[in-house]
Amino acid sequence: MSAPADDYARGRRDGLRLALAILAAEEAKWAALLGESASWRTNATREVRHKTLQVAQTRVQTALNRLTPKDAAVDGELAAALDKLGL
């Protein structure tokens, strides 16, 4: 691959990593709120949002895995970030 194509692919992967971090933060926020409301409707909505964020994280992780070169070793920073997210 040429240098611009490598930069573009790296940028896409970085964008997906950022999306994973944002989704993880949102998922944690909603996880803390599960079952806290006196309203069953609010609790149901929170459960749906929480599950939606979990599904989104899985899909973004799948996209990131598809974009990650097979011959490239995962660097320590990425491995630490993925471990922190539980992926």
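A salt bridge is a side-chain nitrogen of Lys or Arg within 4 Å of a carboxyl oxygen of Asp or Glu. The views below come from a predicted model.

**Figure 1. The salt bridge between R10 and D7 in helix 1.** The side chains of R10 and D7 meet at 3.0 Å, N to O. Both residues belong to helix 1 and sit three residues apart, about one turn of the helix. R10 has a relative accessible area of 41% and is therefore partly exposed. D7, at 47%, is partly exposed too. Side chains of opposite charge can pair when their charged atoms come close. In total, the structure holds three salt bridges; the other views of this kind are Figures 2 and 3.

**Figure 2. The salt bridge between R17 and D14.** The N to O distance between these side chains is 2.8 Å. R17 and D14 are separated by about one helical turn because they are three residues apart in helix 1. The relative accessible area of R17 is 25%, so R17 counts as partly exposed. D14 is partly exposed as well, with 40%. R17 also appears in Figure 5, among the residues that L64 touches.

**Figure 3. The salt bridge between E26 and K29.** Here the side chains of E26 and K29 meet at 3.3 Å, N to O. As E26 and K29 are three residues apart in helix 1, about one helical turn lies between them. E26 is partly exposed, with a relative accessible area of 30%. For K29 the value is 41%, which also makes this residue partly exposed.

**Figure 4. The largest nonpolar core.** Seven residues make up this core: L16, L20, L23, W30, L53, V60 and L64. Helix 1 (3–33) and helix 2 (40–67) are the elements that give two or more residues to the core. Helix 1 provides the largest share, four residues. In soluble globular proteins, nonpolar side chains tend to be buried together.

**Figure 5. Contacts of the core residue L64.** L64 is one of the seven residues of the largest nonpolar core. Leaving aside residues up to four places away in sequence, L64 touches R13, L16, R17 and L20. Of these contacts, L16 and L20 are themselves listed in the core.

**Figure 6. Q57, a buried residue of helix 2.** Q57 is found in helix 2. The cut-off for a buried residue is under 20% relative accessible area, and Q57 counts as buried because its value is 10%. Not counting residues up to four places away in sequence, Q57 touches L20, L23, A24 and E27. Two of the residues named here, L20 and L23, also belong to the largest nonpolar core.

**Figure 7. K84 of helix 3 and A21.** K84 lies in helix 3, which spans residues 76–85. With a relative accessible area of 77%, K84 is exposed. The C-alpha atoms of K84 and A21 are 9.4 Å apart, although 63 residues separate them along the chain. Helix 3 has the lowest confidence in the protein chain, a mean pLDDT of 69.

**Figure 8. Confidence along the protein chain.** The mean pLDDT of the protein chain is 85. A value of 70 or more is reached by 83% of the residues. Confidence is highest in helix 2, at a mean of 93, the helix that holds Q57 of Figure 6.

Notes:
Residues numbered from 1 in each chain as written. Predicted model: local features only at pLDDT ≥ 70, side-chain atom pairs only at ≥ 80, totals over all residues. Heavy atoms only, no water. Core = buried A, V, L, I, M, F, W, Y, C linked by side-chain atoms within 4.5 Å. Buried < 20%, exposed > 50% of the residue type's maximum accessible area, 1.4 Å probe, protein only. Contact = heavy atoms within 4.5 Å. pLDDT = per-residue confidence, 0-100.
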